[in-house]
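Please open the model in your viewer and follow the stops below in order. Each stop says what to select and what may be found there.

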Amino acid sequence: MSKKVSRRQFLTYTLGGTGAFLASGVLFPMVRFVADPLLRKGEGGEFHDVGLSVDEITDTPKEVRFTVHRKDGWYNPPKGEQMTAWVLKLNGEFVALSPVCKHLGCTVNWNSNPQFKNQFFCPCHFGRYTKDGTNVPGTPPSAPLDRYETKVQDGKLLIGPLIKK
Ligand code: FES
């Protein structure tokens, strides 16, 4: 039993198929433009030589600055991203703390307030952290400072990605 296709059906299928083909030619590049950077893997997993020999690291936090070149979606600063870490040695372990306050994101500094010696101090709302980055109870921050991954290579400390808690 053969089923005949009417002229109307033939035109509907032909025009519909052609329209869908043309529309996909326009829509596919648009979808790809929007989604592609999100689908690519970030390049932020490397370790950086911050120019610090392990012999220079003591139990007193030392500020180090380094530049990270990474592409994250559409975010790709040409000169890289300036990062800071507070580096120290605690119980034989090298620790690199983020300077970003866990309250509202201001920058903490070591030993910057004479009232609170040997603590990280955040000037925005008087947040405080102990040497190992633990938030002092009763101050605004509700979590310890984030830490960077660290490793030692050829006697130098390398700083890796931030470990977010
Ligand atoms: S941002 Fe640091 S205490 Fe508020």
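Begin by colouring domain 1 and domain 2 separately: their C-alpha centres lie 54 Å apart in this predicted model. To make the two selections, take residues 1-39 for domain 1 and residues 48-162 for domain 2, as the domain assignment gives them.

Next, show the whole protein as a cartoon. How many helices and strands does the protein have? There is one helix, together with nine strands. Followed from the N terminus, the order is α-β-β-β-β-β-β-β-β-β, with the helix leading and the strands after it. The radius of gyration is 27 Å, well over the 15 Å that the globule rule gives for 165 residues, so the protein is more spread out than a compact globule.

Now display the C-alpha atoms and turn the model along its principal axes, where these atoms fill a box of roughly 90 × 40 × 35 Å. Of the 165 residues, 17% are buried. Among contacts between residues at least 6 apart in sequence, 46% join residues at least 24 apart.

For the last stop, select residues 156-163, which form strand β9, and then pick out I163 within this strand. Is I163 buried or exposed? It counts as exposed, because 11 C-beta neighbours lie inside 10 Å, and the exposed class extends to 12 or fewer. Leaving aside residues up to four places away in sequence, I163 touches D146, R147, Y148 and E149. Finally, add L97 to the selection: the C-alpha atoms of I163 and L97 are separated by 9.8 Å, although the two residues are 66 residues apart along the chain.

How values were computed:
Residues are numbered from 1 along each chain as its sequence is written. This is a predicted model: local features need pLDDT of at least 70, side-chain atom pairs count only at pLDDT 80 or more; totals for chains, interfaces and linings use all residues. Domain bounds come from an automatic or database domain assignment. Helices (H or I, at least four residues) and strands (E, at least two) are DSSP runs, numbered from the N terminus. The radius of gyration is taken over C-alpha atoms; the globule rule is 2.2 Å times the number of residues to the power 0.38. A residue is buried if 20 or more other C-beta atoms lie within 10 Å of its own, exposed if 12 or fewer, and partly exposed in between; C-beta atoms are placed from the backbone. Two residues are in contact if their C-beta atoms, placed from the backbone, lie within 7 Å.
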